[in-house]
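Me: I should like a close look at the interface in this model, with the other binding surfaces set beside it for comparison. Please state the criteria behind each term.

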2 protein chains.
Amino acid sequence: MLSRRCTYGLQAALFLASQERGAYIPIQRISECLGLSFHFLTKVLQHLTHHGLLRSLRGPHGGVALARPPGQITLKEIVVAIDGPDLFEACVLGLPGCGEQKPCPLHEDWKEVRGCLRNAFAGTTLAMLVAEPERLAAWQACWTTSPDAASAHS
Amino acid sequence: MLSRRCTYGLQAALFLASQERGAYIPIQRISECLGLSFHFLTKVLQHLTHHGLLRSLRGPHGGVALARPPGQITLKEIVVAIDGPDLFEACVLGLPGCGEQKPCPLHEDWKEVRGCLRNAFAGTTLAMLVAEPERLAAWQACWTTSPDAASAHS
DNA sequence: CTGGTTTAGGACTCTTTTGTCTTTATTATA
DNA sequence: TATAATAAAGACAAAAGAGTCCTAAACCAG
Ligand code: SF4
Ligand code: SF4
């Protein structure tokens, strides 16, 4: 459904949304907390930076941060930036030369499902996922429990 | 969203559903009508045969046919046979060790979307897509118009 | 039994995705 | 200015997906 890169991007974005607003977080730390490959995550986040969804800063105290308030970033934006708009436009049968004019028998039904999908992603912002204390706690529980992340950073 | 193999399988199944009930259709003919690679389609349909969704017969007048009446075959069965159940069970974030007990902030919302998706595929049979004359016509228009398929078979 | 037709099965190539590693450019701080 | 920290960029390897092709096995008709 979603590519791996995309899920990593979403995880990282959600992580940033749950941190202090506007703070630059090193990718190293994100990758450790979420248990992802540092180098691979770097690639994904570079991509998001190019698309203007993240800001980045090199050097000491550098890292990445959300480019906009988390209330203004939808999940759909992130998915589209990484995987492209296919998920929200593609179709089940993938027939050549079909469409509204020449719809296959599934067209109408599928359009509905696709709309459902699109609404879910477009109608959810990062802020919505960390606003309620219980949701935030649930999210943090997903990564704060990773054992090796607790090792001190000298 | 769906793998290529999966869309090919769905197209072929729909094609068979629109043919005479129980008749064996050569894969060669299916591939020509739908404009798909014969060898690749063969692989996909072999897979469906192994999963008991198709019957097959070698030799002259052989081919493949639906193993059950099209009214008893859902799109979900075909998708699961080819792509596996991931689409209907997988999740957006793909966190390790999460689930009902330790849900991420998206879990509930996502479950809803996934249910929508599952209902659409599980609630649609092949017969439903070719029962209404207009739908059948729409479907046939998708492939009967391929120009080279009209060339006589000597 | 013989020969042509059709699926079955596997080897193989090409492309995309995933992941690793190394080097370079930029920044803050001492 | 020197040093350490950090993202940026690109080369490279490994794995999965897509697609091609060839041979074998089954089947029917004569
Ligand atoms: S008609 Fe619509 S649903 Fe059918 S194959 Fe084309 S785009 Fe997909
Ligand atoms: S809690 Fe649910 S939605 Fe969240 S990552 Fe796990 S399975 Fe996916």
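Reply: For the residue classes, Ala, Val, Leu, Ile, Met, Phe, Trp, Tyr, Cys and Pro count as nonpolar, Asp, Glu, Lys and Arg as charged, and the others, Gly among them, as polar. This is a predicted model, in which local features need pLDDT of at least 70 and side-chain atom pairs count only at pLDDT 80 or more, whereas totals for chains, interfaces and linings use all residues. Residues are numbered from 1 along each chain as its sequence is written, chains are lettered from A and ligands numbered from 1 in the order in which they are written, and side-chain values use heavy atoms, without hydrogens and water.

The interface joins chain B and chain A. On the side of chain B, 31 residues are in contact (heavy atoms within 4.5 Å) with 31 residues of chain A. The two chains bury about 2900 Å² between them (accessible area lost on being put together, 1.4 Å probe, summed over both), and 77% of that area is on carbon and sulfur atoms. In chain B, the residues that lose the most area to chain A are Met1(B), Leu93(B) and Pro105(B), which together account for 22% of what that side buries.

Polar links also cross the interface. The rule for a salt bridge (side-chain nitrogen of Lys or Arg within 4 Å of a carboxyl oxygen of Asp or Glu) finds two between chain B and chain A. Arg135(A) and Asp109(B) form a salt bridge through their side chains, at 2.8 Å from N to O. Four residue pairs, with both members at pLDDT 80 or more, are in polar contact between the chains; the term requires N or O atoms within 3.5 Å, within protein a possible donor and acceptor, and for residues adjacent in sequence two side-chain atoms.

Three helices of chain B, α1 (4-17), α6 (107-122) and α8 (133-144), each supply at least two residues of the side that touches chain A. Helices are DSSP runs of H or I with at least four residues, strands runs of E with at least two, numbered from the N terminus. The most comes from α6(B), with seven residues. By class, this side of chain B has 24 nonpolar, four polar and three charged residues.

The symmetry can be stated directly. A turn of 180 degrees with a shift of 0.0 Å along the axis lays chain B on chain A with an RMSD of 0.1 Å (least squares on C-alpha atoms with pLDDT of at least 70 in both). The two copies are therefore related as by a two-fold rotation axis. In chain B, the C-alpha of Met1(B) is nearest the axis, at 2.3 Å. The same surface serves both copies, as 100% of the contact residues of chain B recur in chain A.

DNA strand C provides a second surface. It has 25 residues around it (a heavy atom within 4 Å), of which Ser37(A), Pro60(A), Ile27(B), His50(B) and Ser56(B) come nearest. Of the atoms of DNA strand C within 4 Å of the protein, 59% belong to sugar and phosphate. A side-chain N or O atom of His50(B) is 2.8 Å from a phosphate oxygen. At the bases, a polar side-chain atom of Lys43(A) lies 2.9 Å from an oxygen, and one of Arg58(A) lies 3.1 Å from a nitrogen. This surface has eight nonpolar, 11 polar and six charged residues.

Finally, Cys91(B), Leu93(B), Gly94(B), Leu95(B), Cys98(B), Pro103(B), Cys104(B) and His107(B) surround ligand 2. That shell divides into six nonpolar, two polar and no charged residues.
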